[in-house]
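Work through the exercises below with the sequence and the model open. Try each task before reading its solution.

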Amino acid sequence: MLINLQLVMLTWSYFMVVFRDPGSVPANWKMLSDQNVEEDNSTAIPSSSEDTERRPAIGYCNRCQNGKPPRCHHCSVCKRCVLKMDHHCIWVVNCVGACNYKFFLLFVLYTFLETLMDTLVLLPSFISFFQQVKNSSSSPGKLAVTFLAFGNFHYNNHHCIIMLNFPFSSMSCFLQNPYLDAVVNLAFALSLLCFVVMHASLLLSNTTSVEVHEKRKDVRWKYDLGWKNNIEQVFGTKKMLWFFPLFSKEDLERVPALHGLDFPTRSDIEEKGKEKEKEKEKEKKKEIDL
């Protein structure tokens with residue numbers, strides 16, 4: 001039952017990441033603050049370093065002939081700019097960007113859990129096979145050749161009968177060999193585990209695979225809002241929907257990062273925190289005066 005449920009979630013996430021557009025830049029895109037920036041430039045007043053850090057970097061793509069929002073990159077495979085581009089994934093034949101990054105993470109997670117579950121189910125048979133072959137084999141070399149040859153193994157009267165079918169002769173031996181399936185699933189699960197850990201670290205720091213090379217090691221990433229806020233920037237604020245490949249209407253309206261055009265920075269969060277502290281102090285003063 002659990003394996004079937006994971007398979008359904010895996011398939012659902014896969015189709016969502018394949019068919020959902022990762023995020024395209026609107027034609028003739030301009031940021032709302034561009035006019036204010038142009039007016040500030042015309043006055044020749046030097047801006048402070050704090051202002052330049054708060055102001056998102058606005059670029060221009062010569063190949064698309066359009067503006068580039070913050071965290072946007074041009075994909076050489078798709079031949080277009082992708083909002084908050086992470087990478088172009090050949091397994092889903094699509095770019096991974098702001099609008100489908102959650103679906104991609106869920107697809108990787110459920111694929112890892114599915115392969116891990118398959119490995120655990122096949123593990124007892126795998127151990128039993130090696131115990132019986134070890135007792136019947138005369139040398140470790142024959143055991144290695146037997147396994148590498150993709151053999152079909154049949155047990156009759158507690159004796160191991162080995163029928164060699166080399167991989168280039170038939171694919172049926174691969175499908176009928178649960179012991180080889182266990183090894184393949186285990187190897188695939190381990191490789192996916194590394195992928196899950198890598199993207200989990202990127203998620204918690206609000207970073208993409210492309211931006212890893214842009215971050216300065218000695219300076220905290222300006223989009224790092226804290227692990228909780230970073231997760232909400234990708235999965236939304238509704239925790240009940242975090243493990244489902246969909247978003248609530250409220251999140252789509254209240255979390256602009258899900259659309260890939262506007263992203264809050266750490267300085268913005270700090271300013272909001274200071275404003276809340278000032279409001280609390282004012283309320284305390286009012287209570288004292290009363």
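**Exercise 1. Place Thr207, then find how far Lys84 lies from it in sequence and in space.**

Step 1. Thr207 sits in the loop between helix 7 and helix 8. Helices (H or I, at least four residues) and strands (E, at least two) are DSSP runs, numbered from the N terminus.

Step 2. Thr207 has a relative accessibility of 3% and counts as buried. Buried means under 20% relative accessible area, exposed over 50%, partly exposed in between (1.4 Å probe, protein chains only).

Step 3. In sequence, Thr207 and Lys84 are 123 residues apart. In space, their C-alpha atoms are 9.4 Å apart.

Step 4. Lys84 is in the loop between strand 4 and strand 5. Its relative accessible area is 7%, so Lys84 is buried.

A note on the model: it is predicted, local features need pLDDT of at least 70, side-chain atom pairs count only at pLDDT 80 or more, and totals for chains, interfaces and linings use all residues. Residues are numbered from 1 along each chain as its sequence is written, and side-chain values use heavy atoms, with hydrogens and water left out.

**Exercise 2. Examine the phi angles of Lys84 and Asn28.**

Step 1. Start with the background. Most residues other than glycine have a negative phi, and most peptide bonds are trans.

Step 2. Lys84 is not a glycine, yet its phi is positive, about 45°. Asn28 also has a positive phi, near 55°.

Step 3. Check the setting. Asn28 lies in the loop between helix 1 and helix 2. Asn28 is exposed, at 71% relative accessibility, whereas Lys84 is buried at 7%.

**Exercise 3. Which residues of helix 1 are buried, and how are they arranged?**

Step 1. Check the length. Helix 1 (residues 2–19) has 18 residues and should span 26 Å at 1.5 Å a residue; its end C-alpha atoms are 26 Å apart, which agrees. The expected span is 1.5 Å times one less than the number of residues.

Step 2. List the buried residues of helix 1: Gln6, Met9, Leu10, Ser13, Met16 and Val17.

Step 3. Look down the axis. These buried residues fall within an arc of 135°, so they line one face of helix 1. The arc is that of the directions from the helix axis to the C-beta atoms.

Step 4. Recall the geometry. An α-helix has 3.6 residues a turn, so residues three or four places apart point the same way.

Step 5. Turn to the face directed away from the buried side. It carries the exposed residues Asn4, Val8 and Phe19.

Step 6. Compare with the record. UniProt, in an unreviewed entry, lists residues 1–20 as "signal peptide". UniProt positions are given in the numbering used here, feature names are shortened, and annotations may be inferred rather than shown by experiment. In the model, residues 1–20 are 90% helix and 0% strand.

**Exercise 4. How many salt bridges are there?**

Step 1. Apply the rule: a side-chain nitrogen of Lys or Arg within 4 Å of a carboxyl oxygen of Asp or Glu. The count is three.

Step 2. Asp21 and Arg80 pair at 3.0 Å, N to O. Asp21 is in the loop between helix 1 and helix 2, Arg80 in strand 4, 59 residues apart. Asp21 is partly exposed at 34%, and so is Arg80 at 22%.

Step 3. Arg71 and Glu211 pair at 2.7 Å, N to O. Arg71 is in the loop between strand 2 and strand 3 and Glu211 in the loop between helix 7 and helix 8, so the pair ties together parts 140 residues apart in sequence. Both Arg71 and Glu211 are buried.

Step 4. Lys238 and Glu250 pair at 2.9 Å, N to O. Lys238 lies in the loop between helix 8 and helix 9, Glu250 in helix 9, 12 residues apart. Lys238 is partly exposed at 32%; Glu250 is partly exposed at 35%.

**Exercise 5. Compare the two spans that UniProt annotates as "transmembrane region".**

Step 1. The unreviewed entry gives residues 89–113 and 182–205.

Step 2. Residues 89–113 are 52% helix and 16% strand, with end C-alpha atoms 20 Å apart.

Step 3. Residues 182–205 are 96% helix and 0% strand, with end C-alpha atoms 35 Å apart.
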